[in-house]
Amino acid sequence: ANDSKSGSDGATIALLLPETKTTRYEAHDRPLFEAKVKDLCSDCKVLYFNADQDEKKQAQQLTSALDQGADVVVLDPVNGKTAAGMVDEAKGQDVPVVAYDRFIENADYYMSFDNETVGKMQAQSLVDAMGDKGNILMLNGAPSDPNAAQFKKGAHSVLDGSGVKILAEYDNPDWSPDNAQQWTTDQLNKYDAGKVQGVYAANDGQAGGVVAALTGAGVAADKLPPIVGQDAEIAALQRIVAGEQTMTIYKPIKIEAETAAEVAVALAKGDDAPAKTTTGIDQSDFEGVASYIFTPIAVTADKIKDTVIADGFYEVSDICTADYAKACAEAGLS
Amino acid sequence: MTATKESVAATDAADERLIRAVSPGDYLRQGWGRIRGGDLGMLPVVLGLVIICAVFYAYEPTFLSSRSLVSMLLYAAPTGIIALGIVVVLLLGEIDLSVGSVSGFCAAVMAVIVVDQGHSLWLGIAAALGVGALIGTAYAVLHVRVGVPSFVFSLAGLLAFEGALLWVLADGSINIPRESGLAQFARNKFLTDAQAYALVAVVVACYLGSRLWTIRRRRAAGLTPPNLLAVLIKAALLGGGLGWLTYYLGIARGWGYLTVLFAALVVVLDLLLRKTRWGRHLFAVGGNEEAARRAGVRVGWTYCSAFVLCSVLAALGGLLAAAQLTSVSQDSGTTDTNLTAIAAAVIGGTSLFGGRGSAYAALLGILVLQSIESGLNLMNVDSDVRYIVTGGVLLLAVTIDSVARRARSSSGRG
Amino acid sequence: MTATKESVAATDAADERLIRAVSPGDYLRQGWGRIRGGDLGMLPVVLGLVIICAVFYAYEPTFLSSRSLVSMLLYAAPTGIIALGIVVVLLLGEIDLSVGSVSGFCAAVMAVIVVDQGHSLWLGIAAALGVGALIGTAYAVLHVRVGVPSFVFSLAGLLAFEGALLWVLADGSINIPRESGLAQFARNKFLTDAQAYALVAVVVACYLGSRLWTIRRRRAAGLTPPNLLAVLIKAALLGGGLGWLTYYLGIARGWGYLTVLFAALVVVLDLLLRKTRWGRHLFAVGGNEEAARRAGVRVGWTYCSAFVLCSVLAALGGLLAAAQLTSVSQDSGTTDTNLTAIAAAVIGGTSLFGGRGSAYAALLGILVLQSIESGLNLMNVDSDVRYIVTGGVLLLAVTIDSVARRARSSSGRG
Amino acid sequence: MTLTAPPTPASGTGEAVLSLAGIHKRFGAVQALTDVSLTVRAGEVVALVGDNGAGKSTLVKVISGVYQPDAGTIEFESRPVVVGGPAGAQELGIATVFQDLALCDNLDVVANLFLGKEHRRGPLLDEVSMEQEAWRLLRTLSAKIPSVRIPVASLSGGQRQTVAIARSLVGDPRVVLLDEPTAALGVAQTAEVLNLVERLRDHGLGVILVSHNMADVQAVADRIVVLRLGRNAAEFRTEEATTDQLVAAITGASDNVVAQRAARRTEERG
Amino acid sequence: MTLTAPPTPASGTGEAVLSLAGIHKRFGAVQALTDVSLTVRAGEVVALVGDNGAGKSTLVKVISGVYQPDAGTIEFESRPVVVGGPAGAQELGIATVFQDLALCDNLDVVANLFLGKEHRRGPLLDEVSMEQEAWRLLRTLSAKIPSVRIPVASLSGGQRQTVAIARSLVGDPRVVLLDEPTAALGVAQTAEVLNLVERLRDHGLGVILVSHNMADVQAVADRIVVLRLGRNAAEFRTEEATTDQLVAAITGASDNVVAQRAARRTEERG
Ligand SMILES: Nc1ncnc2c1ncn2[C@@H]1O[C@H](COP(=O)(O)OP(=O)(O)OP(=O)(O)O)[C@@H](O)[C@H]1O
Ligand SMILES: Nc1ncnc2c1ncn2[C@@H]1O[C@H](COP(=O)(O)OP(=O)(O)OP(=O)(O)O)[C@@H](O)[C@H]1O
Ligand SMILES: O[C@@H]1[C@@H](O)[C@H](O)OC[C@H]1O
Ligand SMILES: [Mg+2]
Ligand SMILES: [Mg+2]
């Protein structure tokens, strides 16, 4: 593993991503990262792994990467808190670890959108859209997903001090949209749709379930209360265009993936990580780890064009399918 | 000894060891004896369901509101339909672990064809069900020709079709327009009051008609006919129950088309299982495959039909779940759908070893699971408590059945 | 007709319909006949494993490097240990769906006691295993006294202990210090070369000794003894194989303590199953519970021992998995652990219907699953492809076995 | 089958309906059948006797398509046939009562009787006509079954056997194989089955009867074929064979335990 | 059990080892046993006969603890006992051969023979001594079993029955219940079992023998108890009863199919 540190030839970079249920990892992170690596170092090899949301599987994948001679590991841990053991294993073989997207305390480098910030931004959008009053339902992520706790914490830090009241709160196993729909429906049977003036959904999948529940309970599509999510899924952007969802959090993955590639290639070549990357991010310190922190972006209907479209994250045609053509035109997307 | 009897007994009631019921009092006494002996069919599970409902109701009265019942019945339907397929496969002593993935994959196929590629809804539905049928056929070939155990090939299917779902949905989730016929059917279509009461009347008439016809034929054949009074009482109870339910659901939105579809599938499958040669052969193969084969039953076809039916029902359930949610995502069908569908069948009293079960098992089982879920949703508890209580309530619901069965076996049956 | 025989045949070889093997040639011929007839025991699954390994090796030679084998064997162990428990329960025709949750919950109990509350490691381990034993006992009571089907109570357990895990870990995940004895055992302890070769020698000596002793006793009792030559050849193969493996693993880190523990548990469980009264009764109850009861077997205790053993092994597997990962989290044991453990047992040839299986089934099954997983990790493909290929390879590995079994049953056995 | 039409007596005069030659069957290390031959003519009752494990049931299963022979030929009505499976045997007109009965324990008596040959009205089962016919069949056999609507699992041994025998009468067979049909039957039911065998013969069917009861065999069989350790050991015309000869052929020794027992008892009583 | 010591002839002279009174047993809508009584003395063979479904096996299962009676008392060696289960019956010294044999199909012959009474050396099973003893037991019964190391599933009907009978001899019973033990046996094996029953009697055991074979019953029984439709119908001392009387008591009519058949045959033969 240590032999190729000196030269650029044949360096091996391992990329470990956590799951497949969210589109971003395989549709964006991986290809963007690989393309950038290829760009920077034509004979570098990228080993790719996806842990399917299973910590144990990820530990095996790390071992496997090391067995195959990885020179640097870019690790998006299933569980940032328990990933320290993995970092240790890599360090034991003198392989540096870049914590990608989720924080690991003993990693060499870290880069991410801060999860608590995401939660705060979601909650703030919701509070603003509701005029700081009214009742909301709150759907958090899976209780077995540590990131969910961070989103939840961030969101609560805003909501608890605001004028909105949480009617009911739910930790959704597996982030499942079906569960979100059923839970919301049950709440509507209890509280009456008119009493619900807003919904915090931790991600877009759940937001979709919430919309389905509300419209299913007879709320007209144009009378839906403010609903927030995250991930900037196409389905969510379509809802935003159609006025069914208020906002989503867009994490400009391109910048994240390319920064990671740049840092990884530098480390693989035995160089130090840059103080300022070519993507324009300064190295800073986050809880004692050299870090590159990106700003998540709240996307509302009017911002779609300048964000996801401008970044090339999606084409207008991806979002404005036949069913949404009219809404797109009204929102000025074409 | 040929004891002189007051009247000539029917052929099937001639044996003197038989404890016969003649007067209504006898029937009551016999019924009570059966209850004491534990021969209760689905009663204990129904009792479990009633207790669950009562507890949740005590805690939160909206649990049994018309609105809440209407939505519970709607949400129970898609997984209930999948559970129907599972019942068929379990009757053979086989299992299908892949129904969840298959349901998600088929729904995704439909969504891609209809939403992404803009083909007609019918083509999408046909394609999805067709894919389901193909999957079932492949399973049948693996089982019948190659002899792979169903646990293994359906586990392989579970993985493979989850992969296929990810592959089909490479661009992420797909929204199904709320105005599309399928979404309307699953979410917004309800029977009018007139339609609903008419349907109830038809159901009761069919029941009564078929029972009266049976009485006539059995009497003509010299066999004990069902007791007329009992038949009339049952018909009245059926009519009253359904009528009241229709009234109560009608306070809210009434019978959803989706609910009616599920109910109709349950009734049809029940008839198929109990009243047709196919159903008979299913039970026979599940009870003793070798005996069925020696009796000339085409065992291979029986397996084939079961696997195909199960996969097609899984596909249908998947379509309806997607329609209900108005979207398909990488998560569709994967989370717990398998376990929920299998659990529903088993909780309703279907044996994992084959040869025992019924279509109503799927109905009852899914109602138990759905009411636990909805009840806990209304209680707003932390997820740790939620898990523990779900486990506990589930156990409770089934324990009643087990205790009853125990009584039955200690009195020498089954 | 009392045909004159050249020599007096042993008691068990006297029947003239028996096709006897005397010369080495006869043995070979008999072996070949058996292969043709499909009576191959575990050979087909081994063959499946070899094919999987060959294919992955062709694609990526590091797959079979010493390093890679050492880590595969380490990672296979915890789930393999859980699968051993599953084998025991499946032998009775029962199932335990909750082993994953139980493993996670018990590991969390240990972590809380040791890490959060600072008690000694031994206390933590004892508590975790004790909790496992309690859970098993509760299951046994539900099954034996109340008569709840194991599918149902273990499903309830699956949910309840997942809740309990969340509850115990209220503050989120717990890291186990990497220097703690348990983590060291699971991650950093390896046999020295001398120890390893000595162990191999002991194993071979035990095998040979017991076979020679059997030959002696059977000869003395007038029964056909095992063929001496065959025994010697087998012992040589065993010694050679283990010796070579020790050498090959020794190029990297060698035999991990964890791997040796798993192997030892497999051997011990195999002996318990085949050579003790308890094992005999397990098979009897799994084959025909009523017959076993009538023969005076204490059926209740048999169930009880099996459920307790299964839960304790699940707890042990959970502890070791946590030690290997140096952490316990809300996710521990929940993802796929159940399915993997059950699948390992079934792939290795254990029947879901009871009465057929072996400890080696768990070993073989987990090796198949582990090598598929590790192999695909090396292939750098997207998850959709990975899922599909995993399903396909799994099917392939088992299909070989099924085809062989088919040959067996068409030649009239099983 | 309704055996009420006036019989056409035809004791063994017909041509061979079924004939087997050179049948071999091996199970693992046990050679169960070695070069076995057997012929049944229309209107003939052939008894197949032999010691336990002689291979009688294996031979019956070969004929009824449950096992495929390793070698040998089967001719049905002088045409060579391959009996691919039990369904194939039934299509040829071979009805079998298996020694292990082969009933579906979870189904009731009616369902078992008509399994694979259900009466239907349109797409639905005609339970009434099946139940009526079931009672008729069971009465022919003097069965003492309290109800035909209970699972066969809860029947007594003899009741189960009666059901299996009654089942072979559903449909319209050419050859009937009875593997120890009276083993569990009461005295009256045994007599009915022997009557039945005679009626079947009188209707021109070929019957193969496996039994350990020499008295029954001698009472109804036209020819007796003896298997020993999987081989043809002897064949007798019934009138020609004494019980002692039969027993000697079965056990392979004239000085056997049966003879000894008989001798001892005569001694004691005499 | 090794029945080689010189016997102490004691035909039925002992006191009652087992006696039942007022036994009732109901299954669902079927009253299987109504007020049944039965007594067996040490050194006595009591035959229990009756039509199919008369309740014989149910009575046997009540005695051996498989079923709990709805009413009635059981006395063992003059002490009232509650037979809680099969294990309890075995502890009392009641060994049973069930009509359905109750073997574990997946286990081999040796394992079935010694199930629940395995020989051990230390903690491990002593396979060699069990196998040796198995061959000895099977030889006593003239069994024709090629190998004791094959699963009983692959044995013939008679071989399976022999295994079940042999099993009842393992251990040291006081009373042996044999439910149609010779139904599937060959002539030689049947003779051996009858010999065995006599040896058991001569050693002072109580034996209850259920059988449909009147010749066998009359050959070995001291007393014959007849059940009909779940009730005590008659009881005879063997010497006092003719076959015709027995058959009449079993079928409940002196003009029965057995008598008719006998009459017809005598007529035909001349
Ligand atoms: N499926 C099988 N697998 C292995 N051996 C078998 C199988 N079936 C039969 N055998 C063996 O073949 C031999 C003949 O068995 P078969 O059942 O034909 O005997 P049978 O003549 O019917 O005896 P019985 O009078 O006891 O019914 C027996 O030794 C038996 O062990
Ligand atoms: N478990 C059971 N459930 C329901 N009915 C039963 C059960 N066991 C026996 N019976 C009924 O009880 C009656 C007596 O059965 P039993 O087995 O005792 O008869 P038997 O005298 O042994 O007959 P056979 O000579 O045919 O063996 C039968 O009518 C049978 O249908
Ligand atoms: O974006 C989030 C991701 O951070 C979380 O871990 O899983 C669910 C996704 O929606
Ligand atoms: Mg036979
Ligand atoms: Mg009986």
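**Interfaces of chain E and the site of ligand 1**

In this predicted model, 29 residues of chain C are in contact with 36 residues of chain E. Between them, chain C and chain E bury about 2800 Å², and carbon and sulfur atoms account for 57% of that area. On the chain C side, the residues that lose the most area to chain E are C:Arg277, C:Arg280 and C:Arg294, which together make up 29% of what that side buries. One of these arginines, C:Arg277, also meets E:Glu118 through its side chain in a salt bridge, with an N to O distance of 3.2 Å. Across the interface of chain C and chain E as a whole, five salt bridges are found, together with 13 residue pairs in polar contact, both residues of each pair being at pLDDT 80 or more.

The side of chain C that touches chain E draws at least two residues from each of helix 8 (193–220), helix 10 (257–275), helix 11 (277–287) and helix 12 (289–294) of chain C. Of the residues on this side, helix 11 of chain C provides the largest share, with six residues. Sorted by class, the residues of the side of chain C that touches chain E comprise 10 nonpolar, seven polar and 12 charged residues.

Chain E also meets chain D, where 41 residues of chain D are in contact with 41 residues of chain E. The area buried between chain D and chain E is about 3100 Å², with 55% of it given by carbon and sulfur atoms. Within chain D, the residues losing the most area to chain E are D:Asn52, D:Val187 and D:Arg261, and together these three represent 22% of what that side buries. D:Arg261 in addition forms a salt bridge with E:Glu198, in which the closest N and O atoms are 3.1 Å apart. In total, six salt bridges are counted between chain D and chain E, as are 18 residue pairs in polar contact, both residues at pLDDT 80 or more.

Five helices of chain D, namely helix 5 (157–168), helix 6 (187–202), helix 7 (214–220), helix 8 (243–251) and helix 9 (257–269), each supply at least two residues of the side of chain D that touches chain E. Helix 6 of chain D gives the most to this side, contributing eight residues. The residues of the side of chain D that touches chain E are divided by class into 17 nonpolar, 15 polar and nine charged.

Chain A, by contrast, does not touch chain E, the nearest C-alpha atoms of the two being 38 Å apart; nor does chain A touch chain D, for which the corresponding distance is 39 Å.

Ligand 1 lies between chains C, D and E. Of the 23 residues around ligand 1, those that come nearest are D:Lys56, D:Ser57, D:Thr58, E:Ser156 and E:Gly158. Helix 1 (56–63) of chain D and helix 5 (157–169) of chain E each supply at least two residues of the shell around the ligand, and the shell consists, by class, of six nonpolar, 13 polar and four charged residues. An oxygen atom of ligand 1 is 2.6 Å from an N or O atom in the side chain of E:Ser156, and for the side chain of E:Gln159 the distance from a ligand oxygen to an N or O atom is 3.1 Å. On chain D, a polar backbone atom of D:Ala54 is 3.2 Å from an oxygen atom of ligand 1. Of the 630 Å² of accessible area that ligand 1 has on its own, the protein covers 93%.

How values were computed. Residues numbered from 1 in each chain as written. Chains lettered and ligands numbered in written order. Predicted model: local features only at pLDDT ≥ 70, side-chain atom pairs only at ≥ 80, totals over all residues. Heavy atoms only, no water. Near = heavy atom within 4 Å. Polar contact = N/O pair within 3.5 Å; in protein donor to acceptor, adjacent residues only side chain to side chain. Areas by Shrake-Rupley, 256 points an atom, 1.4 Å probe, with all protein chains shown as cover. Helix = DSSP H or I, 4+ residues; strand = E, 2+ residues; numbered from the N terminus. Nonpolar A, V, L, I, M, F, W, Y, C, P; charged D, E, K, R; others polar. Contact = heavy atoms within 4.5 Å. Buried area = accessible area lost by both parts, 1.4 Å probe. Salt bridge = Lys/Arg side-chain N within 4 Å of Asp/Glu carboxyl O.
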